[in-house]
Each structure stands twice: as structure tokens, then as C-alpha cells.
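Good morning, and thank you for making time for this short presentation. Please look at the sequence and the structure together as I go through them.

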Amino acid sequence: MTDPVRSVLAHAPDLMVVRFAFAAGDRGALHSHPHVQSTYVQSGRYRFTIDGQPSEVGPGDAFIIPSGAEHGCLCLEEGVLIDSFTPRRDDFL
């Protein structure tokens, strides 16, 4: 198990788009942040937990994670997530 590989694709003060490449078994640890996050599943399968509610997502799925919501995921099948954050996550620069 490794950490997903993060690549910032584009950013401005009000918006950031980030690609995360996951291997099967990789985890996005439970965390929260003040940013609103939109996640699009480009490929792979993931088990997400958002504020204690689990769900499984796959290619073509998209969802919003509200500001302050505790969330994380487990990658079930290798793939890529595309996340957008508003405002920009300066900690990713």
C-alpha cells in the first residue's frame, strides 16, 4: 500500500483541479478541510466514507463533499480520481 500520486492540473485563487492516481489498497485517510470538494471517478472502484456514511463508487460517478465533512476512501481497484476544490487548496502548491 502506498499513498496516491497527486498532480495539480490547474488552479486559480477560487478553484483547483487535482488528479489522484491510486493503486488497489491505497487509502485517502479520513480528514476534513474548509474547501468544498467535487470528486469525479475517472477510473477504478473506491469505498468512500463521508461523515460516517459509506458508499462505493466507480467510473463515471461524481459527488460533492461539503466543507468541513470528514471523508476518506479505500481504493478497491486501481484508478484515477479528479477532484476540484473551492477555494484553491494552498497546501497542495
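**Aromatic pairs, backbone and pocket**

I begin with the aromatic rings, where the count comes to 5 pairs. Please keep in mind throughout that this is a predicted model.

Which geometry does the pair of Phe20 and Phe92 adopt? The ring centres of Phe20 and Phe92 are 6.2 Å apart and the planes stand at 70°; since an angle over 60 degrees counts as edge-to-face, the pair is edge-to-face. Distant parts of the chain are linked by this pair, as Phe20 belongs to strand S2, residues 15–22, while Phe92 is in the segment after S7, and the two positions lie 72 residues apart in sequence numbering. Are these two residues buried or exposed? Phe20 has a relative accessible area of 11% and is therefore buried. Phe92, at 13%, is buried as well.

A further pair is formed by Tyr46 and Phe48, with 6.4 Å from centre to centre and 55° between the planes, and this pair is tilted. Tyr46 is buried, and Phe48 is buried too. Ring pairs also join Phe22, Tyr46, Phe48 and Phe63 into a cluster.

Phe92 has a charged partner in addition to its ring partner. The charged end of Arg6 sits over the ring of Phe92, 4.0 Å from the ring centre. In a second arrangement of this kind, Arg89 lies over the face of Phe85, at 5.3 Å from the centre of that ring.

I turn now to His35. Where does His35 lie? His35 is placed in the loop between strand S3, residues 27–31, and S4. With a relative accessibility of 11%, below the limit of 20%, His35 counts as buried. The side chain of His35 reaches the backbone oxygen of Arg88 at 3.4 Å. Leaving aside residues up to four places away in sequence, His35 touches Ile65, Pro66, Ser67, Phe85, Thr86, Pro87, Arg88 and Arg89.

Two of those neighbours bring me to the backbone. Which residues does a cis peptide bond join? The cis bond is between Thr86 and Pro87, with omega at about -10°. Pro87 is in the segment after strand S7, which covers residues 71–86. A second backbone point concerns Asp51, where phi is near 50°, a positive value in a residue other than glycine. Asp51 is found in the loop that runs between strand S4, residues 36–50, and strand S5, residues 53–57. For context, most residues other than glycine have a negative phi, and most peptide bonds are trans.

Next, the largest pocket. The volume of this pocket is about 360 Å³. Its lining consists of 20 residues, and Pro4, Phe20, Gly28, Ala29 and His31 lie nearest the centre. Which elements give two or more residues to the lining? They are S2, S3, S4 and S7. S7 gives the most to the lining, with 6 residues.

I close with Asp3, which lies in the segment before strand S1, residues 5–12. Asp3 has a relative accessibility of 63%, over the 50% limit, and so counts as exposed. Asp3 and Phe85 are 82 residues apart along the chain, and their C-alpha atoms are separated by 20 Å.

Technical notes. Residues numbered from 1 in each chain as written. Predicted model: local features only at pLDDT ≥ 70, side-chain atom pairs only at ≥ 80, totals over all residues. Heavy atoms only, no water. Helix = DSSP H or I, 4+ residues; strand = E, 2+ residues; numbered from the N terminus. Buried < 20%, exposed > 50% of the residue type's maximum accessible area, 1.4 Å probe, protein only. Polar contact = N/O pair within 3.5 Å; in protein donor to acceptor, adjacent residues only side chain to side chain. Contact = heavy atoms within 4.5 Å. Phe/Tyr/Trp six-rings, centres within 6.5 Å; stacked < 30°, edge-to-face > 60°. Lys NZ or Arg CZ within 6 Å of the ring centre and 35° of its normal. 1 Å grid on protein atoms, 1.4 Å probe; cavity = no way out; pocket = protein on both sides within 12 Å on 5 of 7 lines; lining within 4 Å. Points joined across faces, edges and corners; volume = space filled by probe spheres on them.
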